[in-house]
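This report describes the fold, the core and the charged contacts of one protein chain. The sequence and structure come first, and the description follows.

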Amino acid sequence: MLKILKSNCGEGYIDVVVLVLAVAMVLALALSVLPVFVQKQQLDTYATELVREAEIYGRVGAETTNRAAVLSERLGIQPDVQWSKSGNIQLNDEVTVTVTLETDIGLFGRIGSFPITLTAKAAGKSEVYWR
């Protein structure tokens, strides 16, 4: 009986089980955190395209509001948009947009979930001369 208790047979099985469990935990963590990086990329794209619209039209108004609606529908996000200026923007004047979105990082379902705020900024210069 003492010989059986001191035997190392089957020790590798426990190592494999622990390794598989650790790999599963890392994969679960990655699958819950990686979508936040995708949302940050979408938010950066949202801000860049909005400021480009303001550059082309030379103002913050109906055009940028329409573009924001199209981007929200296409990307599936509804961020808060803050402009540094509104109305007409003279040639070579700078305009900045700040876009914020609150999202949850859910580590393991609802148990480890907590909100974070993603922010994206973009700046550009007007390409329109207003008389």
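Helices here are DSSP runs of at least four residues, numbered from the N terminus. In that numbering, leucine 19 lies in helix H2. The model is a predicted one.

**Overall fold**

The protein chain contains three helices and five strands, and their order along the sequence is α-α-β-α-β-β-β-β. Of its 131 residues, 26% are buried. Among contacts with a separation of 6 or more, 61% are between residues 24 or more positions apart. The accessible surface comes to about 9100 Å², and carbon and sulfur atoms account for 61% of that surface.

**Strand pairing**

Strand E2 (residues 80-83) and E4 run antiparallel and are joined by four bridges. In this pairing, aspartate 80 stands opposite threonine 100 in E4. E4 also pairs with E5 in the antiparallel sense, over 13 bridges. There, valine 95 has glycine 124 in E5 as its bridge partner.

The side chains of E4 alternate between two faces. Val95, Val97, Val99, Leu101, Thr103 and Ile105 point to one face and are buried. Glu94, Thr96, Thr98, Thr100, Glu102, Asp104 and Gly106 point to the other face and are not buried.

**Nonpolar core and surface patch**

In soluble globular proteins, nonpolar side chains tend to be buried together. The largest nonpolar core of this model has 21 residues, and Leu43, Tyr46 and Val97 have the most contacts inside it. At least two residues of this core come from each of helix H2 (11-57), H3, strand E4 (94-106) and strand E5 (113-125). H2 gives the most, with seven residues. Leaving aside residues up to four places away in sequence, leucine 43 touches Ile77, Pro79, Val99, Leu101, Leu118, Thr119 and Ala120.

Nonpolar side chains also appear on the surface: Leu19, Val23 and Leu27 make a nonpolar patch of about 290 Å². Is leucine 19 buried or exposed? Its relative accessible area is 56%, and the cut-off for exposed is over 50%, so leucine 19 counts as exposed.

**Salt bridges**

A search of the whole structure finds seven salt bridges. The table gives three of them, with the N to O distance for each pair.

| Arginine | Glutamate | N to O distance |
|---|---|---|
| Arginine 67 | Glutamate 49 | 2.4 Å |
| Arginine 74 | Glutamate 49 | 3.2 Å |
| Arginine 59 | Glutamate 63 | 2.7 Å |

Two of these pairs link distant parts of the chain. Arginine 67 in helix H3 and glutamate 49 in helix H2 are 18 residues apart. Arginine 74, also in helix H3, is 25 residues apart from glutamate 49 in helix H2. Arginine 67 is partly exposed, with a relative accessible area of 24%, whereas arginine 74 is exposed at 51%.

In the pair of arginine 59 and glutamate 63, arginine 59 is partly exposed, with a relative accessible area of 31%. Why does glutamate 63 count as buried? The relative accessibility of glutamate 63 is 16%, and buried means under 20%, so this residue falls in the buried class. Glutamate 63 lies in helix H3 (residues 62-75) and touches Glu53 and Tyr57, not counting residues up to four places away in sequence.

Salt bridges with shared partners join Glu49, Glu53, Arg67 and Arg74 into one network.

Terms used. Residues are numbered from 1 along each chain as its sequence is written. This is a predicted model: local features need pLDDT of at least 70, side-chain atom pairs count only at pLDDT 80 or more; totals for chains, interfaces and linings use all residues. Side-chain values use heavy atoms; hydrogens and water are left out. Buried means under 20% relative accessible area, exposed over 50%, partly exposed in between (1.4 Å probe, protein chains only). Contact means heavy atoms within 4.5 Å. A nonpolar core is a set of buried Ala, Val, Leu, Ile, Met, Phe, Trp, Tyr and Cys residues joined through side-chain atoms within 4.5 Å. Patches are made of residues with over 30% relative accessible area and no salt bridge: like charges are joined within 9 Å, nonpolar side chains (Val, Leu, Ile, Met, Phe, Trp, Tyr) within 5 Å. Accessible areas come from the Shrake-Rupley method with a 1.4 Å probe; for residues, only the protein chains shown count as cover. A salt bridge is a side-chain nitrogen of Lys or Arg within 4 Å of a carboxyl oxygen of Asp or Glu. Two strands pair if DSSP finds at least two bridges between them.
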